[in-house]
Amino acid sequence: MGRLIQAAVIGCGRMGAFTSESVRRYSPAAWLPLSHSEAIAAHPSLQLAGLCDPHAETLARAQAEYDVAQGFAGHRELLAAVQPKLVGIATRTVGRTEIIQDCAAAGVQALHIEKPLCNSVAELNALSRLADEHGLFITYGAIRRFLPVFQQAKAIADSGDLGDLLEMRFSMGARTLYWTHPHTVDLALYLAGDRRLTNVSARLAHVERSAPFVIESDPVIEAAVLWFDDGVACHIGRAPGNEAELAFTRGRISIKADGRVLVVAAYRDDDPYLHESKVAVPDADGPTGTLAPVSQLVACLQGDAAAIAANAVVRSDIFGGQCALFALVQSHLDDGRATAPGAVDPAMTILAATDGRYA
């Protein structure tokens, strides 16, 4: 085996190093390993060589958990000492743009970044330029697109067996824009495939502003629609269940409980009613959880052309999805008017604080 790729994690909280017990107990197995450190430590081509967290107790606990000698309170000290090529960033969103910029300046080539990406349109534009200039490979904490059940649902959708896609419906509960709906938007873009997002409209709750386009709170989506260029609509509501449903001209696909169950409904013979059947999801024959996107990053670093092409799509959807989140707020501020992702006010900023904590 050649020299291991040096890797590091910045932010050693729940997503950085310590997956919650609730996730371990209830999530489908394909969601694990979920934390950045677990995923990096599990990859045979990576060495988790450094960890960073400003809280000494958290950092020490993470170093002990993953047997990592080098721990740092500041990310710049970590980048200078470890010189990693791959970094997981699991900090709060505020300040994350600066960390990404420092990583690129230090020679990091691949980043797995927690969602959402950033807080403002200005930051998004700066990061988009940065990614192009440095040729960064990027994956994101919205990982459903890497999980077998969602990939199987997309394969069935793309097969054409159920006819043309008409609409998607996501039921994620009454959840907030920055905590939950980066997942929703990313899944919509993944399932939409080559379709282009043209407009969004939204009605939000808990929108607290300190300036016309500065949102201090993390708004709750009451209802939202993403419109694609062929007329496909993606509806986001407040119904519970963490479920996704795709409706076609001749049937329906339902992904229940974050992937515990996959159901396909289709017509049979001349029966006018749909018949439901559970679809067995085969065990993953590759990496699962956060290890899946991290593995794509490693393959990119190793020059795998297919992985590089796939990551170009992922990266485009990450930036497009963040733009869509801003557009959802813009639409709400404009009384629900349909808003193109490119028509967001350049001053738009979402700090997304809840009880004093940022998303």
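**Helix 7 against helix 8**

I started with the contact between two helices in this predicted model. On the helix 7 side I found Phe150, Gln151 and Lys154, and they meet Leu187, Tyr190 and Leu191 in helix 8. I sorted the residues of this contact by type and got four nonpolar, one polar and one charged. Next I wanted the geometry, since two packed helices are described by the angle between their axes and the distance between the axes. Helix 7 covers residues 148-159, and its axis comes within 10 Å of that of helix 8, with a crossing angle of roughly 40°.

**The sheet**

I then traced the open sheet: eight strands, in the order 8-11-12-7-13-14-15-16, with mixed pairing. Which strands stand at the edges? They are strand 8 (197-205) and strand 16 (275-278); each has a single partner strand, so one side of each is left without a neighbour in the sheet. I noted an average turn of 15° between neighbouring strands, direction ignored.

At the strand 8 edge I looked up the pairing with strand 11 (residues 220-228): the two run antiparallel and are joined by eight bridges. Ala205 has Val220 of strand 11 opposite.

**What packs on the sheet**

Back to helix 8, residues 181-192, which packs on this sheet. I listed the strands touched by helix 8 as strand 7 (165-171), strand 8, strand 11, strand 12 (233-237) and strand 13 (243-248). The direction of helix 8 makes about 160° with that of strand 7. Helix 10 (residues 305-333) lies across strand 8 and strand 11, and I have helix 10 running at about 60° to strand 8.

**Nonpolar cores**

How many residues does the largest nonpolar core have? I noted 91, and Leu117, Met168, Ile253 and Leu328 have the most contacts inside this core. Helix 10 turns up again here, giving the core its largest share with eleven residues.

I followed Ile253 a little further. Leaving aside neighbours within four places in sequence, I found Ile253 in contact with residues including Ala153, Ile156, Ala157, Leu162, Phe248, Leu262 and Val264. Glu245 is on the list of contacts too. There is also a second, separate core of 25 residues, with Ala17, Ala62, Leu86 and Ala299 among them.

**Cysteines**

Last check of the day: I counted zero disulfides, taking sulfur atoms within 2.5 Å as the rule. For Cys52 the nearest cysteine sulfur belongs to Cys12 and is 7.1 Å away. Is Cys52 buried or exposed? I read a relative accessible area of 3%, so Cys52 is buried. For Cys323 the nearest cysteine sulfur is that of Cys118, 9.7 Å away, and Cys323 is in no disulfide either.

How values were computed:
Residues are numbered from 1 along each chain as its sequence is written. This is a predicted model: local features need pLDDT of at least 70, side-chain atom pairs count only at pLDDT 80 or more; totals for chains, interfaces and linings use all residues. Side-chain values use heavy atoms; hydrogens and water are left out. Two strands pair if DSSP finds at least two bridges between them. Helices (H or I, at least four residues) and strands (E, at least two) are DSSP runs, numbered from the N terminus. Axes are lines fitted to C-alpha atoms, for helices over the stretch in contact, and angles run from 0 to 180 degrees between N-to-C directions. Contact means heavy atoms within 4.5 Å. Ala, Val, Leu, Ile, Met, Phe, Trp, Tyr, Cys and Pro count as nonpolar, Asp, Glu, Lys and Arg as charged, and the others, Gly among them, as polar. Buried means under 20% relative accessible area, exposed over 50%, partly exposed in between (1.4 Å probe, protein chains only). A nonpolar core is a set of buried Ala, Val, Leu, Ile, Met, Phe, Trp, Tyr and Cys residues joined through side-chain atoms within 4.5 Å.
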